[in-house]
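Me: I'm new to looking at protein models. Could you walk me through how to read one?

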Amino acid sequence: MKIAGEQNLSASRDSVWELFNDPDRLSRLIPGCEKLEVLGPDEYGGTINVGIAAVKGVYSGKLKLEDKRAPEHYKISLDGKGKQGFIKGAGTLDLEAKGANETLVKYAGDVQIGGPLMQVGQRMIESASKMMLGQFFAAADAELKAHAVGQVARQGIFVNFWRWIVRVIASLFKRS
Amino acid sequence: MYPASFEYHRAASIKDALSMLKQFGDEAKLLAGGHSLIPMMKLRLAQPAHLIDIGSIKDLSMIREDGAVIDIGGLATHADVESSTAVKQKLAMLSECAALIGDVQVRNRGTIGGSLAHADPAADYPAAILALEAEIKVESESGARTIKGEDLFVDLMTTSIRSGEILTHVRIAPIPAGAGAAYLKYRQPASGFATVGVAAVVTMKGNNFDKVRLGVTGLAAKAFRAKAVESALSGKGRDAIASAASHAADGIDAMSDIHASAEFRAELARVYTARAIELAASRAKS
């Protein structure tokens, strides 16, 4: 099954690249993902609880990032197995800077699904994937906005501290 | 395959069912007719640890006239809806729709409440529910609430029914006197599901369309009202049907699977929208 699409995220390309290479932050975005463990350089493993209404399943799998060209491109390969079937996929992720706080994420890939899930749920696989991708990008957008607010707060504290030091030094010079 | 192990509980009343739902949380699934859930359990796509059978709660399967509205209990089977006198007289299109669901065995066991709560993207009822502007009543331990038909279907197999709530009634105002209604579908030959299904309710003013309500199922991950087509027809005559129906799939992310590509589904939607409006209009009295 071919998957391809584009999504705008409200953050700079560097911030988005940073997010998409951070397993701890990524694991919070993937719907149902409990943890992404680092298995090796650019190789992560984890389990995902996939659930759409009554259809629930636990999949354990490996994610590998290759052909990295920071901050614009990498190739993803995915290998997941669960009681209801398996998922194998390979695709590319491209980031295009659209502005200081806007990045266009382009994704394209091929996913193979097999086992009982495929035999019975085939007619819903594509819709289900779209739904999960939608949830992923919504969570990514929220995470990027929250991360930016956190950074501004940290910068605010630093800037104010610096200004305070300058005032103290200036006041010292004034007295003399 | 046979299902994974589960505990079976029979609820004697809604109150009973609600307290069991609370007790078992998301390890539990409600069982009504079972014709969506049991096949999934046999394939182990769904593995609820607890099944709460509400199928024997008598007062939930009644269909009756409640003042100005037809009240259909959530446990009414598709066969019940198809053959009910009240439905045939005042909601004929719903009876037509129920008659086209699955096969005789499915219609004798499957329930309207179960079907709506399951929200299969290719189910037949959702199109009719939207075109008829039905209201859905759900009950929980904190009381009852009403969900408007247009707010029920949220996404693929996802409704706005919250966990801990049970769908108890479907309430529909009769089709206005003089209005024409129809439900037509392209039937998937093996399963009987609607590859695309369109429900239309139209009222005419003279030779022109006054009010048009269209529900489309099977095309997208959830059923929807084809509002672009509805507004394109308002005030126009029957010669505007073809061009209005050409907007049936506009802006919709059509599903693609082994039964039909997204392009084919979109074309089916356009064709069946036109046919359903034509049939409904021919049944209307101007």
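Reply: Sure, let's go through some features of this predicted model one at a time.

Me: Where do I start? Into which domains is chain B divided?

Reply: Start with the big pieces. Chain B has domain 1 (7–53), domain 2 (60–172) and domain 3 (180–283). For a sense of scale, the C-alpha centres of domain 1 and domain 3 of chain B are 35 Å apart.

Me: Okay, now the sheet. What is the order of the five strands in the open sheet of chain B?

Reply: To read a sheet, go from strand to strand across it. Here you'd pass E4-E5-E10-E6-E7 in chain B, and the pairing is antiparallel. At the edges sit strand E4 (63–66) and strand E7 (143–148) of chain B, each pairing on one side only. From one strand to the next, the twist averages 25°.

Me: How many bridges join strand E6 of chain B to E7(B)?

Reply: Six, linking residues 135–140 of E6 to E7(B), with the two running antiparallel. Try finding one yourself: Ser140(B) has Gly143(B) in E7(B) as its bridge partner.

Me: Does anything pack on that sheet? Which strands does helix H1 of chain B lie across?

Reply: Helix H1 (residues 14–24) of chain B lies across E6 and strand E10 (166–172), at about 130° to E10(B).

Me: Now a single residue. Is Leu45(B) buried or exposed?

Reply: Count the neighbours. Leu45(B) has 20 other C-beta atoms within 10 Å, so it's buried, since the cut-off for buried is 20 or more. You'll find Leu45(B) in the loop between helix H2 (37–42) and strand E3 (50–53) of chain B. Setting aside neighbours within four places in sequence, its contacts include Val55(A), Pro116(A) and Leu117(A), along with Met40(B).

Me: And what about cores? Which residues have the most contacts inside the largest nonpolar core?

Reply: The general idea is that in soluble globular proteins, nonpolar side chains tend to be buried together. The largest core here has 105 residues, and Met93(B), Ala128(B) and Ala200(B) have the most contacts inside it. Apart from that core lies another, of seven residues, including Leu9(A) and Trp17(A).

Me: Last one: how many residues does helix H12 of chain B have, and what should they span?

Reply: Multiply it out at 1.5 Å a residue. The 22 residues of H12 (residues 262–283) of chain B should span 32 Å, and the end C-alpha atoms are 31 Å apart, so the two agree. Its buried residues, among them Leu268(B), Tyr272(B) and Ile277(B), pack against several elements of chain B, including strand E12 (194–205) and helix H10 (227–233).

Terms used:
Residues are numbered from 1 along each chain as its sequence is written. Chains are lettered from A and ligands numbered from 1 in the order in which they are written. This is a predicted model: local features need pLDDT of at least 70, side-chain atom pairs count only at pLDDT 80 or more; totals for chains, interfaces and linings use all residues. Domain bounds come from an automatic or database domain assignment. Two strands pair if DSSP finds at least two bridges between them. Helices (H or I, at least four residues) and strands (E, at least two) are DSSP runs, numbered from the N terminus. Axes are lines fitted to C-alpha atoms, for helices over the stretch in contact, and angles run from 0 to 180 degrees between N-to-C directions. Two residues are in contact if their C-beta atoms, placed from the backbone, lie within 7 Å. A residue is buried if 20 or more other C-beta atoms lie within 10 Å of its own, exposed if 12 or fewer, and partly exposed in between; C-beta atoms are placed from the backbone. A nonpolar core is a set of buried Ala, Val, Leu, Ile, Met, Phe, Trp, Tyr and Cys residues joined through C-beta atoms within 7 Å. The expected span of a helix is 1.5 Å times one less than its number of residues.
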